[in-house]
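Reader: I should like to learn how to read the features of a two-chain model. Please give the general idea before each case.

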Amino acid sequence: MLHEQPLKNERSKGLLRLKFDHRVPINTVLTVCQQQPPLQVVRAFPLHDGAALVHLHNISGGVLGGDQLQLSVDVGAHARVQLTSTGATRLYRSRNGLAAAIQTTEITVGSNGLLEYLPDPLIPFAGAHYRQATRIELAAGAGLFWWDILAPGRAARGEQFEYELLQITLDIVASGQLIASERVKLQPSLRPLASPGRFGPYRYVASFYICRVDWVAMRWLALEEQLNQLARNLTRPGDVLWGISTLPAHGLVVRAMSSNGRALLPGLLTFWRAAKLALYGQEAIPPRKVY
Amino acid sequence: MSDQHLKQLWLMQLADSALPVGATAHSFGLETLVAEGELPVDRLELFLHDYVYEAGALEGLFCRVAYRLNAEADGVIIMARWLDLNTRLSALKPARESRVASAMLGRRFLRLVLGLQAIPRLQQALQAALHAHIDIHYCTAFGLVGGALDLDEATTVLAYLQQTVAGLISACQRLMPLGQNQASQILWRIKPALLDAAYRSHDCDLEGDASFCCIPFVDLGGMRHPSLTTRLFMS
């Protein structure tokens, strides 16, 4: 639970509410869209499998100190949705006295719906102060492909772990059961991240949650082994590590750590393709953008 | 001799590394890190300090919350919270082998204690979790037992943390060139970190400071452990 704090200087209160409904025979349509800058969508694009693709925009170019952003996505029963960003999410330096920027995200996926959330990396600039809370609720038969990538900073200019605070929480609930939870608070100036107890020699971290509620439990272990074979092939110690584990129920998580960001997106695409085929018997359709 | 002395003896036995619950079979991901050269002996102490700050505080928190369940009078509420607590902790453990290891130790620990002393509340906790197919984690079982035996709360949490770290150090003695004297020195020097981790959980806030845990490198070691070609440990 994030507690809003009063702002010394008023900043953006962005809001984006999206609702997707399934229409017979196979199309998904965006039926409700409430938006308040800097969050914005332009339109939904139909994919050839009937899903709706939406690009999430932040028209201010990034998250500014003190911003309070809310994203709400409701994927109706049998609807299929793919969400992506238009570029990396830049978390700008917070000016002194401003409260942390806050992003809250609430997702619901109705019965037999599917959400594929495939954003670009999160890049916290030096001095950034940011809190993010995400809650995802999956109904019976619902599916989820959800990845996120965290960069150490503006790596091209040698910036690593110079942000002030990065607090990220994530809860995934499937048919009323909490199946995955993250509680991460990173304050590099207080607790060095390069420690072997935290990031070790790596700088980037990625997580990819793959869920389908009520899929046969034993098959998750088989899928874990299948994806672990891919992980072994993609792992290059010192450069990038990949690991897979089943969740307590209804899914598995792919986790990666890398010394650079280049290997992560291609790897995530590889796992997405394999898992989509295993879970749905269908090809993954990458968003129309360059990876 | 007082009743308190008897309780201290109970706690010493329950936190003894020789307690037959199977703790020596698990490295919780450390075997992967050592096998791949990512955790050399000269960085072990630093690693353990950070591990205690992150995972120690989290497990200390869940241990303490489980301890305080005993203060609730309504048995139905206790069992609901007990199951919720263990479900939450399962969700926070991404590495399957480490999660299963924690659940195996917790279940065995609870059964072992019930074999030593029949305590209806502990029996209910065991049955409720088995019936609901919910894991019983080691730290929550330890806390619940500590409360049920009316052991001191802070000492219960500290004893859990101490035996956890002692178990990791013992695993490292089998994985790396770490002598007994060196291992004892590390365990001796890390005690202030254990105190700090236990203190951070004193408010029992499952969304508070101690609930945050960032050990992605260790988690990944646990997730990749099944892929090691030669393994001494089950996790």
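**Reading the model feature by feature**

Author: Asp150(B) is partly exposed, with a relative accessible area of 48%; buried means under 20% relative accessible area, exposed over 50%, and partly exposed in between (1.4 Å probe, protein chains only). This is a predicted model, in which local features need pLDDT of at least 70, side-chain atom pairs count only at pLDDT 80 or more, and totals for chains, interfaces and linings use all residues. Residues are numbered from 1 along each chain as its sequence is written, chains are lettered from A and ligands numbered from 1 in the order in which they are written, and side-chain values use heavy atoms, with hydrogens and water left out.

Reader: Where is Asp150(B) placed, and what is its phi?

Author: Helices (H or I, at least four residues) and strands (E, at least two) are DSSP runs, numbered from the N terminus. Asp150(B) sits in the loop between α7 (138-148) and α8 (153-175) of chain B. Its phi is positive, about 60°, although Asp150(B) is not a glycine. In chain A, Asp214(A) is likewise a residue other than glycine with a positive phi, near 80°. Asp214(A) belongs to the loop between β16 (204-212) and α1 (217-234) of chain A.

Reader: Which peptide bonds should I inspect for a cis geometry?

Author: The bond from Val24(A) to Pro25(A) is cis, with omega near 5°, and Pro25(A) is in the loop between β1 (13-23) and β2 of chain A. The bond from Pro37(A) to Pro38(A) is also cis, with omega near 10°. Pro38(A) lies in the loop between β2 and β3 (39-40) of chain A.

Reader: How many strands form the open sheet of chain A, and in what order?

Author: Strands of a sheet pair through backbone hydrogen bonds, either parallel or antiparallel. Here two strands pair if DSSP finds at least two bridges between them. In chain A, seven strands make up an open sheet of mixed pairing, in the order β2-β1-β6-β9-β12-β14-β15. The edges are β2 (27-36) and β15 (177-186) of chain A, each with a single partner strand, so one side of each has no neighbour in the sheet. On average, neighbouring strands of this sheet are turned by 5° against each other, direction ignored; axes are lines fitted to C-alpha atoms, for helices over the stretch in contact, and angles run from 0 to 180 degrees between N-to-C directions.

Reader: In what sense do β14 and β15(A) pair?

Author: Strand β14 (residues 165-174) of chain A pairs with β15(A) in the antiparallel sense, over nine bridges. Leu166(A) stands opposite Leu186(A) in β15(A).

Reader: Which strands pair with β13(A), and how many of its residues are buried?

Author: Strand β13 (residues 143-150) of chain A is mostly covered, with seven of its eight residues buried. Strand β10 (residues 114-117) of chain A pairs with β13(A) in the parallel sense over four bridges, where Leu114(A) has Gly143(A) as its bridge partner. Strand β16(A) pairs with β13(A) in the antiparallel sense over eight bridges, and Trp146(A) stands opposite Tyr209(A) there.

Reader: How many disulfides are there over all chains?

Author: A disulfide is a covalent bond between the sulfur atoms of two cysteines. By the rule used here (a pair of cysteine sulfur atoms within 2.5 Å), the count is zero over all chains. Cys63(B) is in no disulfide, and the nearest cysteine sulfur, that of Cys139(B), is 6.4 Å away. Cys63(B) is buried, at 0% relative accessible area, and Cys139(B) is buried at 0% too.

Reader: How many cavities are there, and which residues line the largest cavity?

Author: On a 1 Å grid over the protein atoms alone, a cavity is a set of points where a 1.4 Å probe fits but cannot get out, and lining residues have an atom within 4 Å of a point. Grid points are joined across faces, edges and corners, and a volume is the space filled by probe spheres set on the points. The count comes to two cavities of 30 Å³ or more. The largest cavity has a volume of about 50 Å³, and its lining includes Lys185(A), Arg191(A), Glu54(B) and Asp209(B).

Methods
1 Å grid on protein atoms, 1.4 Å probe; cavity = no way out; pocket = protein on both sides within 12 Å on 5 of 7 lines; lining within 4 Å.
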